[in-house]
Amino acid sequence: MVERGSGAGLRRGLGNRHIQFIALGGAIGTGLFYGSSESIGQAGPAVVVCYLVGGAVIFLIMRALGEMSVHRPRPGSFSAYAYEYWSPRAGFVAGWNYWFDYTVVSMAELSVVGEYVQFWAPQVPAWVSSAVFLVVVTAVNLVTVKAYGEVEFWLALVKIVAIGGMIVGGLLLICTGIGGPPIGVANLWAHGGFAPHGLRGVLLGLVVVMFSFGGVELIGVTAGEAGDPARTIPRAINGVVGRILIFYVGTIAVMVTLHPWDRLGSAGSPLVTIFSGLGIAGAAHILNVVVLTAAVSAFNSFLYANGRMLYSLAQQGNAPDALASTNRHGSPWLGVLVSAACTGTTVLLDYLFPGRAFVYIMAVATISVVITWVLILVTHLKFRARLAADGQRSDFPMPGHPVTTWIALAFLAGVVALMALSPSYRIALVVGPIWVALLLVAHELRHRVGSGRPPRIDG
């Protein structure tokens, strides 16, 4: 295939460790280190159950995406699959919704970077720090994909090692006290019970928890640049979901055991709050480095994904031709710059609405990521129907299909219904339908005007 624009197209430079850590970098970020305060406030210690249930559904979604990614590894991932197995309209909606989704999530990650920096330099406005990191991360995304993969690998490794150390250290404090009396596990039920707000609280906690898992779809996006997708994608999907569950469940369990859940608060990172309260010298500074790295790593992963999604949309004819251009390093440079510029609006939000931007951004991001997951699952149903009609077999079949696919869809429908019960998330139920309607109108306008050329899709 001949690429339009400059450059030589995307290059397959990502190995298994790169793919796994890119996905971990996207999924283990603000949702765990910052947004976990809200989910704990809703469910109390029972938030651990929320993460287990949500993680099981995410595994099903990832297996559905993984089956399609192994069959046809493409840079546009589920947008390209929706285009091929569903309709051009579905490909348009899937691609632009995903780009919007992770532009908004990138804004969420970037919006808290400044607050973490203020832990050391309270006199520095949050928007200034956000602007600096925006420029640095954008520069990283304009180099070769292998170099980007290495940077993201080490960024993600920092927080993964730190989380592992935090879990081990927390268990030592719980069991031995390290020089004092053991803390024990009484905090799991001593402050209103294991589920202090009952079933309603647990269900509402699921809404925040599902946002936390957003980002695992990056595995599908990396398929177009994976060195050996038939081998690396199955290994990455089977491995990354388990690792995310261990990190999330382990971290949250230690948090609510070490410290009463109703005292964690919603200001700053709960991890820093815990270890500062325990009086461990220097621990708060170390953990603030970790949470800052986590946010930057997640933003780095999302900017990578957004650049590739615009590249794929341009190949489909669903975005301007110029976005299909790559530079001499094989990076879709214009897609990266456009995505970075849109993400940069969070700097303005932090300036205009200091301290309030995050909750609104997270509400909109949640409904958008749910739309993405629904599109993946419906596309998977159509993909399997096409394989059956053509007499083909899958090399990485989703377990329990089609029952498990429908179970995951029903669960997501329940999450949307629960959002109506939460004042913080009701705005998303208004924004979501309006956004989908705008996408459908935009597709119809594009279809009527016409692109004047057939689509060209990698794969």
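**A buried helix, three salt bridges and a surface patch**

Let's start with helix α13. Of its 34 residues, 31 are buried, so α13 is largely enclosed by the rest of the structure. Keep in mind that this is a predicted model.

How far apart are the end C-alpha atoms of α13? They are 49 Å apart. The helix runs from residue 283 to residue 316, and at 1.5 Å a residue it should span 50 Å, so the two values agree. Right after α13 comes G317. The phi of G317 is positive, near 90 degrees.

Now the charged pairs. Side chains of opposite charge can pair when their charged atoms come close. How many salt bridges does a search of the whole structure find? It finds 3. I'll take them in turn.

Begin with R384 and E67. Their closest N and O atoms are 3.1 Å apart. This pair links distant parts of the chain. R384 is in helix α16, residues 357-390, while E67 is in helix α4, residues 47-71. In sequence they are 317 residues apart. Buried or exposed, what is E67? E67 is buried, because its relative accessible area is 1% and the cut-off for buried is under 20%. R384 has 23% relative accessibility, so it counts as partly exposed.

Next, R89 and E444. Here the closest N and O atoms are 2.8 Å apart. R89 sits in helix α6, residues 88-117, and E444 in helix α18, residues 426-449, so this bridge ties together parts 355 residues apart in sequence. R89 is partly exposed, at 38% relative accessible area. E444 is partly exposed too, at 26%.

Then R72 and E84. Their closest N and O atoms are 3.0 Å apart. R72 lies in the loop between α4 and α5, and E84 lies in α5 itself, so the pair ties together parts 12 residues apart in sequence. R72 has a relative accessible area of 30%, which makes it partly exposed. E84 is partly exposed at 23%.

Last stop, the surface. Which residues form a nonpolar patch there? They are V49, V53, V185, W189 and F194. Together they have about 430 Å² of accessible area. Take F194 from that group. It is found in the loop between α8, residues 145-175, and α9, residues 198-212. Its relative accessibility is 38%, so F194 counts as partly exposed.

To recap: α13 is largely enclosed, the search finds 3 salt bridges, and a nonpolar patch lies on the surface.

Terms used:
Residues numbered from 1 in each chain as written. Predicted model: local features only at pLDDT ≥ 70, side-chain atom pairs only at ≥ 80, totals over all residues. Heavy atoms only, no water. Helix = DSSP H or I, 4+ residues; strand = E, 2+ residues; numbered from the N terminus. Expected span 1.5 Å × (residues − 1). Buried < 20%, exposed > 50% of the residue type's maximum accessible area, 1.4 Å probe, protein only. Patch = residues over 30% accessible without salt bridge, like charges linked within 9 Å, V, L, I, M, F, W, Y side chains within 5 Å. Areas by Shrake-Rupley, 256 points an atom, 1.4 Å probe, with all protein chains shown as cover. Salt bridge = Lys/Arg side-chain N within 4 Å of Asp/Glu carboxyl O.
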